[in-house]
Amino acid sequence: MQYEIELTVAKQALRQAALLTSAVQNKLLGKDVLEKEDRSPVTVADFGSQAVVNYVLAQNFPQDKMIAEEGAAALREAENQTLRARVEEEVCGVCGLRGEAILKAIDHGKTEDPKTLSRFWTLDPIDGTKGFLRGDHYAIALALIEEGEVKAAALACPNMQAPNGEKGLLCLASENQRTLFTSLFTDGPALEAQTTNAKSFAEAVICESVESGHTSHSRAEKIRESLGVKAEPFRIDSQCKYAAVALGLADIYLRLPKSLEYKEKIWDHAAGYLIVKKAGGEVTDTLGRKIDFTTPPLLMNDLGVVASGRLDHQKLIEAVKASE
Ligand code: AMP
Ligand code: MG
C-alpha cells in the first residue's frame, strides 16, 4: 500500500524521539530546571527529538526535504556549548549518534525555499512546549505533504494512554489508510480510530489550548453558550487535541485566533489534520475553509482551526462566525 513504508519509518522515528523526550521530561520534573546553568531542558528535548526523527528519515529518505521547527545554528554558537553537550548526551543515548552528525541530522533536508517543494515532511519535535515544561501533555508531530496535500501522518502523544492502557499513544494515518491508534513504546494492537458523531451539541466536549495566549477562551465560552454545550472545556496542550477528537475523547477542537496577524505554523497542524480526517472527522479554519498547506512554513490562508467529529460542522462554523 502507498505510504506504508513512510508510516513504518515514521513510527520508528517517533518511538525513538519519544524515548528521549520522556527521559528529559522525567528529569525535568525532579529538579528545578531554572537553576541550571545551561539553557532549559525543553530546548535539549526539542533539539534532541528533531535530531533523532531527522536521522531516521535521512537514513530512509535521503532525498526528502524537511520543514522542521528547529535548526542547528544555535548549537554552533560558542555560548551554547553546554546545551550542545546535553543534546549530544541525550541523542547518543537513544540512537548512538555523536558530534557533528547530530547537527547534520537536525538540519537534514532543510531548505531555503519551502514554497517550491512538491514533496516534504514537516516536524514539530515538541509541540506544546508549555505543557512539556509543566509535566503535562505534549506531542511529536510528523507529516508528509505532497502537492499541498497531507498524505501521511504520525502523531506521538507520550503522556496519553494507548489502547492497552499503557502510557504513550501513537496515531497513524495516510491517504489510503484510516487512522490507527496504538501503543507508542511497545508493539501493542492497533485499533481503528473513530470520531464521535452521535452526540448532540449539548452533550459535546470541546477541547482547546491550556494557554490563553494561543486561543480565545472567552470566545469559546460564547460558542459553548450559543450551542447549549453543557460540559466545561477540556484543556490540553499540543496536537493531543486532534488525537482527542480522533479517538472520540472530545467532539470538537476550537483554535480561535487572538489576533488576525498570527499565522499558524504548518508543523502545528499537518499531522493532526489528517489524523482527525481519517478518523471520520472534519477540519477547517474558523471561516469553514479547507486548511491550505501550500504556503509552508506558515498557513498563510487560514484563520485558526475548527475540528469536529462530524457533529454538523456547518452549524458549528455558523456559531463560530457569529461569536466574532
Ligand atoms: P497549544 O499547545 O495548542 O497551545 O499550541 C502550541 C503551539 O502554539 C506552539 O507550537 C506554537 O507554535 C503555537 N503558538 C504560539 N503562539 C501562538 C499564538 N499567538 N496563537 C496561536 N498559536 C500560537
Ligand atoms: Mg508546536
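## Two sheets in a predicted model

Two strands count as paired if DSSP finds at least two bridges between them. With that in hand, let's look at this predicted model, beginning with strands β10 and β12. Strand β10 covers residues 252-255 and strand β12 covers residues 305-308; they pair in the antiparallel sense over four bridges. If you would like a residue pair to find on screen, take tyrosine 253, whose bridge partner in β12 is alanine 307.

Both strands belong to an open sheet of five strands, in the order β9-β8-β10-β12-β11, with mixed pairing. At the edges of this sheet are β9 (234-235) and β11 (282-284), and each of them pairs on one side only.

## The seven-stranded sheet

Another open sheet is built from seven strands, and here the order is β1-β2-β3-β4-β5-β6-β7, again with mixed pairing. Why is one side of β1 and of β7 left without a neighbour in the sheet? Strands β1 (65-68) and β7 (191-192) stand at the edges and each has a single partner strand, so there is no neighbour on the other side.

Elsewhere in the order, strand β5 (residues 167-174) runs antiparallel to strand β6 (residues 177-183), and five bridges join the two. Leucine 172 is a handy place to look: its bridge partner in β6 is another leucine, leucine 180.

## Where the ligand sits

Now to ligand 1, which sits in the largest pocket. There are 14 residues around ligand 1, and those that come nearest are Ser209, His214, Ser238, Lys241 and Asp268. Sorted by class, this shell has eight charged residues, five polar ones and one nonpolar residue.

Which polar atoms does the ligand meet? A polar side-chain atom of lysine 241 lies 2.5 Å from an oxygen atom of ligand 1. An N or O atom in the side chain of aspartate 127 is 3.2 Å from an oxygen atom of the ligand. Glycine 213 takes part through its backbone, with a polar atom there 3.4 Å from a nitrogen atom of ligand 1. As for cover, ligand 1 taken alone exposes 510 Å², and the protein buries 83% of that.

## Two backbone details worth a look

Serine 238, one of the residues that come nearest to ligand 1, has a phi near 70°, a positive value in a residue other than glycine. You will find serine 238 in the loop between β9 and α8 (240-246).

The other detail is a cis peptide bond, with omega about 5°, that joins proline 296 and proline 297. Proline 297 is found in the loop between β11 and β12, two strands of the five-stranded sheet.

Key
Residues are numbered from 1 along each chain as its sequence is written. Chains are lettered from A and ligands numbered from 1 in the order in which they are written. This is a predicted model: local features need pLDDT of at least 70, side-chain atom pairs count only at pLDDT 80 or more; totals for chains, interfaces and linings use all residues. Side-chain values use heavy atoms; hydrogens and water are left out. A residue is near a molecule or strand if one of its heavy atoms lies within 4 Å of it. A polar contact is a pair of N or O atoms within 3.5 Å; within protein, one must be able to donate a hydrogen and the other to accept it, and residues adjacent in sequence count only if both atoms are side-chain atoms. Accessible areas come from the Shrake-Rupley method with a 1.4 Å probe; for residues, only the protein chains shown count as cover. On a 1 Å grid over the protein atoms alone, a cavity is a set of points where a 1.4 Å probe fits but cannot get out, and a pocket is an open set with protein on both sides within 12 Å along at least five of seven lines; lining residues have an atom within 4 Å of a point. A molecule sits in a cavity or pocket if more than half of its atoms lie within 2 Å of its grid points. Ala, Val, Leu, Ile, Met, Phe, Trp, Tyr, Cys and Pro count as nonpolar, Asp, Glu, Lys and Arg as charged, and the others, Gly among them, as polar.
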